[in-house]
Amino acid sequence: MAATQTDLVLKRFASAVRQAVPTVAVWAHGSLALGDFQPGRSDLDLIAIVEVPLDGKDKIRLANMHQQFLEEEPAAAKLHCSYMVRAEIAEAGADHVTWAHGTIFDRPVTPVTRQELLEGGLTLYGPPPVELLPPLLPGQLEDFIRRDLEEFWLPATGRPQAGLCSGCGTSGWTWGFSSWPALS
């Protein structure tokens, strides 16, 4: 089977990141790993496991690597990568250096991403996710999803009562938090 442009970008990225920082593994998640990736539309969602915490010089080196990669590989425009320190991989709420939308910043790798990696992460380099990532705690994924819906997505709609409800009339749909389905 011939390699796609996306395959070539991923192979080149996995090589470039290993030259930039001490790297244990590089994984893909999201649509790329789960089978519904659409070239030109979908993001390239990646996780790199690094051996040591990244300092300011490492962050500058990574930002420069990503910028150069963008200039040379237009298909990398939607490439996002979080850099998780191997010794901190079990800390679900910890912030990790991340490249996304043309900048370096810190953010956590969510339980949703962790579960995607554990169930279907695509290994681009190193050991697979199931060998390094600990399983989620019981209820951890469900708790995160509820909190994310309540604290981010619902306010982002600008309509605190927007949601789904049958029989709510023609003016729209509503729901209360108490009517959310159980996610367990």
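Here are five short exercises with worked solutions on a predicted model of a protein chain.

**Exercise 1. Take stock of the chain: how many helices and strands are there, and in what order do the elements run from the N terminus on?**

Step 1. Start with the count: the chain holds 6 helices and 6 strands.

Step 2. Now walk along the chain from the N terminus; the elements follow the order α-β-α-β-α-β-β-β-α-β-α-α.

Step 3. Add some overall numbers. The chain has 184 residues, and 37% of them count as buried. Its accessible surface is about 10600 Å², with 55% belonging to carbon and sulfur atoms.

**Exercise 2. Work out the layout of the sheet: in what order do the strands stand, and which strands are at the edges?**

Step 1. Lay out the 6 strands of this open sheet: the order is S5-S4-S3-S2-S1-S6, and the pairing is mixed.

Step 2. Look at the two ends of that order. Strand S5 (103–108) and strand S6 (122–125) each have a single partner strand, so one side of each has no neighbour in the sheet.

Step 3. Consider the twist: on average, neighbouring strands of this sheet are turned by 25 degrees against each other, direction ignored.

Step 4. Zoom in on one pair. Strand S1 (residues 23–29) and strand S2 (residues 44–50) run antiparallel and are joined by 6 bridges. Within this pair, tryptophan 27 has isoleucine 47 in S2 as its bridge partner.

Step 5. Place two helices against the sheet. Helix H3 (residues 56–72) packs on it and touches S3, S4 and S5, with a direction at about 160 degrees to that of S3. Helix H4 (residues 111–120) lies across S1, S2, S3, S4 and S6, at about 95 degrees to S1.

**Exercise 3. Examine the turn between S4 and S5: which residue there has a positive phi?**

Step 1. Check the pairing: S4 and S5 run antiparallel, joined by 6 bridges.

Step 2. Look at the turn. The two strands form a hairpin with 2 residues between them. Alanine 100 stands opposite threonine 103 in S5.

Step 3. Recall a general rule: most residues other than glycine have a negative phi.

Step 4. Compare with histidine 101, which is not a glycine and yet has a positive phi of about 55 degrees.

Step 5. Is histidine 101 buried or exposed? The cut-off for exposed is over 50%; histidine 101 has 69% relative accessibility, so it counts as exposed.

**Exercise 4. Explore the salt bridges: what does the pair of arginine 86 and glutamate 51 tie together?**

Step 1. Begin with the total: the whole structure has 6 salt bridges.

Step 2. Find the pair: the side chains of arginine 86 and glutamate 51 meet at 3.8 Å, N to O.

Step 3. Locate each partner. Arginine 86 is in the loop between S3 and S4, and glutamate 51 is in the loop between S2 and H3, so the pair ties together parts 35 residues apart in sequence.

Step 4. Contrast this with arginine 61 and aspartate 58, whose side chains meet at 2.3 Å, N to O. These two are 3 residues apart in helix H3, and therefore separated by about one helical turn. Arginine 61 is partly exposed at 37%, whereas aspartate 58 is buried at 10%.

**Exercise 5. Find the nonpolar surface patch: which residues make it?**

Step 1. Name the members: Leu149, Phe152 and Trp153 make a patch of about 310 Å².

Step 2. Place one of them: leucine 149 lies in helix H6 (residues 140–156).

Step 3. Check its exposure: with a relative accessible area of 31%, leucine 149 is partly exposed.

Note on methods. Residues are numbered from 1 along each chain as its sequence is written. This is a predicted model: local features need pLDDT of at least 70, side-chain atom pairs count only at pLDDT 80 or more; totals for chains, interfaces and linings use all residues. Side-chain values use heavy atoms; hydrogens and water are left out. Patches are made of residues with over 30% relative accessible area and no salt bridge: like charges are joined within 9 Å, nonpolar side chains (Val, Leu, Ile, Met, Phe, Trp, Tyr) within 5 Å. Accessible areas come from the Shrake-Rupley method with a 1.4 Å probe; for residues, only the protein chains shown count as cover. A salt bridge is a side-chain nitrogen of Lys or Arg within 4 Å of a carboxyl oxygen of Asp or Glu. Helices (H or I, at least four residues) and strands (E, at least two) are DSSP runs, numbered from the N terminus. Buried means under 20% relative accessible area, exposed over 50%, partly exposed in between (1.4 Å probe, protein chains only). Two strands pair if DSSP finds at least two bridges between them. Axes are lines fitted to C-alpha atoms, for helices over the stretch in contact, and angles run from 0 to 180 degrees between N-to-C directions. Contact means heavy atoms within 4.5 Å.
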